[in-house]
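This briefing is intended to be read alongside the sequence and the coordinates. It covers confidence, strand pairing, nonpolar cores, aromatic pairs, salt bridges and one histidine.

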Amino acid sequence: MTGVNFELTPEGITFVATDAHRLVRYKRLDAKATKATSFIVPKKALQLLGNAIPAEETQVKISYNSSNAFFNFGHVKLICRLIDARFPDYTAVIPTENPNKLTIQSSDLLSSLRRLVVLSNKTTHQATFKMSGSELSINTRDLDFSNEGNETLVCQYDGEDLEIAFNAKFVIDMIASMNEEEVQFEFSTPSRACIMTPLNKKDNEDLLMLVMPIMVNT
């Protein structure tokens with residue numbers, strides 16, 4: 001889990017990364033391979049690649065063999081050794097039945113979480129979400145220093161009243177990297193993973209983020 005799994009098929013390409021607490025799956029339908037295969041590219045190599053790719057739109061050619069991956073664009077060629085391991089079966093942890101759905105402005109949620117996280121427990125960064133009707137109430141607290149914060153946001157919520165807690169820093173990082181105006185959360189129960197997706201889908205793209213909840217401290 002120290003790298004990104006590349007799944008290449010004639011239908012498209014899928015990138016998956018996870019640290020066991022959160023997972024990101026990103027699909028591109030406009031990038032295809034001649035045959036189905038998969039390999040794991042180390043995180044450091046991809047960071048170097050990301051820093052080297054210019055800001056303007058650039059085509060990157062990906063080739064590989066049993067031990068290495070090759071990335072070519074412009075006058076740059078990056079070669080890295082693949083991780084010799086089997087990527088976990090991530091499809092098993094993505095819940096398929098999620099009757100509770102929350103839609104909210106990303107900027108509003110980000111601003112609220114960034115204010116509240118400074119009042120959370122410094123180890124867990126726990127933020128408790130309470131959803132009811134058209135309101136999302138967020139609570140953070142740090143019992144060691146008698147700190148507590150509460151904010152209520154307007155949202156669109158379809159489902160039963162629900163209370164669930166997350167590591168606020170995880171949610172902040174994921175929404176910020178999504179870079180979308182609105183985000184949709186899908187829940188099943190307070191103990192199962194939550195799915196986050198952009199409300200407005202883009203052509204040839206499919207982005208799914210998953211975050212595991214933490215136990216609510218009362």
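The model is predicted, with a mean pLDDT of 94 for the protein and 99% of the residues at 70 or more. Among the elements, helix H2 (residues 106-116) has the highest mean pLDDT, 98, and strand S5 (residues 61-64) the lowest, 90.

**Strand S16 and its partners**

- Strand S16 (residues 205-211) is largely enclosed by the rest of the structure, because five of its seven residues are buried.
- Strand S3 (residues 22-28) pairs with S16 in the antiparallel sense, and seven bridges are found between these strands.
- Within that pairing, leucine 207 in S16 stands opposite tyrosine 26.
- Strand S15 (residues 194-198) also runs antiparallel to S16, to which it is joined by three bridges.
- Leucine 210 in S16 is the bridge partner of isoleucine 195.
- S15 and S16 form a hairpin with six residues between the strands, and asparagine 204 there takes a positive phi near 65°.

**Nonpolar cores**

- The largest nonpolar core has 33 residues, of which Leu109, Phe129, Phe185 and Met196 touch the most other members.
- Helix H3 (residues 168-178) supplies the largest share of this core, with seven residues.
- Another core, of 16 residues, lies apart from the largest one and includes Leu8, Ala45, Ala69 and Phe71.
- When residues up to four places away in sequence are not counted, phenylalanine 185 touches Asn100, Lys101, Leu102, Ile104, Leu109, Val171, Ile175, Cys194, Ile195 and Met196.

**Aromatic pairs**

- A pair of aromatic rings is described by the distance of the centres and the angle of the planes.
- The count of aromatic pairs comes to 10.
- In one of them, phenylalanine 6 and phenylalanine 39 have ring centres 5.4 Å apart and planes at 20°, so the pair is stacked; the cut-off for stacking is an angle under 30 degrees.
- Phenylalanine 6 belongs to strand S1 (residues 3-9) and phenylalanine 39 to strand S4 (residues 37-42), so this pair ties together parts that are 33 residues apart in sequence.
- Both phenylalanine 6 and phenylalanine 39 are buried.
- One aromatic cluster is formed by Phe6, Phe15, Tyr26, Phe39, Tyr64 and Phe71. Tyr26 of this cluster is the residue that stands opposite leucine 207 in S16, and Phe71 is also listed in the core of 16 residues.

**Salt bridges**

- Side chains of opposite charge can pair when their charged atoms come close.
- The number of salt bridges comes to nine.
- Arginine 22 and aspartate 173 form a salt bridge in which the closest N and O atoms are 3.8 Å apart. This pair links distant parts of the chain, with arginine 22 in strand S3 and aspartate 173 in helix H3, 151 residues apart.
- Both of these residues are partly exposed: the relative accessible area is 45% for aspartate 173 and 23% for arginine 22.
- Aspartate 206 and arginine 25 meet through their side chains in a salt bridge, with an N to O distance of 3.3 Å. Arginine 25 lies in S3 and aspartate 206 in S16, so the pair ties together parts that are 181 residues apart in sequence.
- Arginine 25 counts as buried at 13% relative accessibility, because the cut-off is under 20%, whereas aspartate 206 is partly exposed at 26%.
- A salt bridge also joins the side chains of lysine 122 and aspartate 142, at 3.7 Å from N to O. Lysine 122 is in the loop between H2 and strand S9 (126-132) and aspartate 142 in strand S10 (residues 135-142), 20 residues apart.
- Lysine 122 is partly exposed, with a relative accessible area of 48%, while aspartate 142 is buried, at 2%.
- Asp19, Arg22 and Asp173 are joined into one network by salt bridges that share partners.

**Histidine 125**

- Histidine 125 is found in the loop between H2 and S9, the loop that also holds lysine 122.
- Histidine 125 counts as buried, at 14% relative accessibility.
- Leaving aside residues up to four places away in sequence, histidine 125 touches Val117, Ser120, Phe166, Asn167, Ala168 and Lys169.

Key:
Residues are numbered from 1 along each chain as its sequence is written. This is a predicted model: local features need pLDDT of at least 70, side-chain atom pairs count only at pLDDT 80 or more; totals for chains, interfaces and linings use all residues. Side-chain values use heavy atoms; hydrogens and water are left out. Rings of Phe, Tyr and Trp (its six-membered ring) pair if their centres lie within 6.5 Å; planes under 30 degrees apart count as stacked, over 60 as edge-to-face and the rest as tilted. Helices (H or I, at least four residues) and strands (E, at least two) are DSSP runs, numbered from the N terminus. Buried means under 20% relative accessible area, exposed over 50%, partly exposed in between (1.4 Å probe, protein chains only). pLDDT is the predictor's confidence in each residue, from 0 to 100. Two strands pair if DSSP finds at least two bridges between them. A nonpolar core is a set of buried Ala, Val, Leu, Ile, Met, Phe, Trp, Tyr and Cys residues joined through side-chain atoms within 4.5 Å. Contact means heavy atoms within 4.5 Å. A salt bridge is a side-chain nitrogen of Lys or Arg within 4 Å of a carboxyl oxygen of Asp or Glu.
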